[in-house]
Amino acid sequence: MGLIGGLLTLPLAPVRGTIWLAEQLAEVAEAELYDEDKIRRELVELDMLEADGLIDPDERRMREDELLARLSTARRRKAAVPPVTHG
């Protein structure tokens, strides 16, 4: 982009920055949502919560179904992304 183009689009810089920031936040949130290790820890936590009587079996099943759906999605996403190779 030349000097003139840069000057003409300068007023849009805050918008582009905001869009970039939103994209970065979305990526981080998505990575955390579909982190397989985190999902597994949450499944173990459900076991402990039910064993301690802090949640009933129905709530546990509902939350477990959600976690298993996220885990399934995480695995599909992981399988769909080709591995990064260096070289």
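**Four helices and their salt bridges**

Let me begin with the overall dimensions: a compact globule of 87 residues would have a radius of gyration near 12 Å, whereas the protein on the screen has 21 Å. I should say at once that this is a predicted model, and that everything I describe this morning was computed from that prediction. If we take the box along the principal axes, the C-alpha atoms of the protein fill roughly 65 × 35 × 15 Å.

As for the secondary structure, the protein comes to four helices and zero strands, and, reading from the N terminus on, the elements run α-α-α-α. Of the 87 residues, 14% count as buried, and the protein exposes about 7100 Å², of which carbon and sulfur atoms supply 63%. When we look at contacts between residues at least 6 apart in sequence, we find that 54% of them join residues at least 24 apart.

Now to the charges, which will occupy us for most of the remaining time. The protein carries 12 positive and 18 negative side chains, and the centres of these two sets lie 6 Å apart. How many salt bridges does the count come to? With a cut-off of 4 Å between a side-chain nitrogen of Lys or Arg and a carboxyl oxygen of Asp or Glu, the count comes to 14 salt bridges.

I have picked out three of them, and I would like to start with the pair formed by Arg-75 and Glu-36, whose side chains meet in a salt bridge at 3.5 Å, N to O. Because Arg-75 lies in helix α4, residues 57-80, and Glu-36 lies in helix α3, residues 36-51, this pair ties together parts that are 39 residues apart in sequence. Turning to the surroundings of each partner, Arg-75 counts as partly exposed at 45% relative accessibility, while Glu-36 is buried, with a relative accessible area of 14%.

The second pair sits within helix α3, where Glu-42 and Lys-38 are four residues apart and are therefore separated by about one helical turn. Their side chains meet in a salt bridge at 2.9 Å, N to O. Glu-42 counts as partly exposed at 22% relative accessibility, and Lys-38 counts as partly exposed at 24%.

The third pair belongs to helix α4, and here Arg-60 forms a salt bridge with Glu-64, with the closest N and O atoms 3.4 Å apart. Arg-60 and Glu-64 are four residues apart in that helix, so about one helical turn separates them. Is Arg-60 buried or partly exposed? At 16% relative accessibility Arg-60 counts as buried, since the cut-off for that class is under 20%, whereas Glu-64, at 23%, counts as partly exposed.

Some of the salt bridges share partners, and in this way Glu-32, Lys-38, Glu-42, Glu-66 and Arg-70 are joined into one network. You will recognise Lys-38 and Glu-42 in that list as the pair from helix α3.

Finally, let me point to one more residue, Arg-61, which is found in helix α4 and is partly exposed, with a relative accessible area of 44%. Arg-61 and Leu-46 are 15 residues apart in sequence, and their C-alpha atoms are 9.1 Å apart in space.

To bring the picture together, we have a predicted model with four helices and zero strands, a radius of gyration of 21 Å, and a count of 14 salt bridges, one of which joins Arg-75 in helix α4 to Glu-36 in helix α3.

Terms used. Residues are numbered from 1 along each chain as its sequence is written. This is a predicted model: local features need pLDDT of at least 70, side-chain atom pairs count only at pLDDT 80 or more; totals for chains, interfaces and linings use all residues. Side-chain values use heavy atoms; hydrogens and water are left out. Helices (H or I, at least four residues) and strands (E, at least two) are DSSP runs, numbered from the N terminus. Buried means under 20% relative accessible area, exposed over 50%, partly exposed in between (1.4 Å probe, protein chains only). The radius of gyration is taken over C-alpha atoms; the globule rule is 2.2 Å times the number of residues to the power 0.38. Contact means heavy atoms within 4.5 Å. Accessible areas come from the Shrake-Rupley method with a 1.4 Å probe; for residues, only the protein chains shown count as cover. Lys and Arg count as positive and Asp and Glu as negative; His and the chain ends are not counted. The place of a charge is taken as NZ of Lys, CZ of Arg, CG of Asp or CD of Glu.
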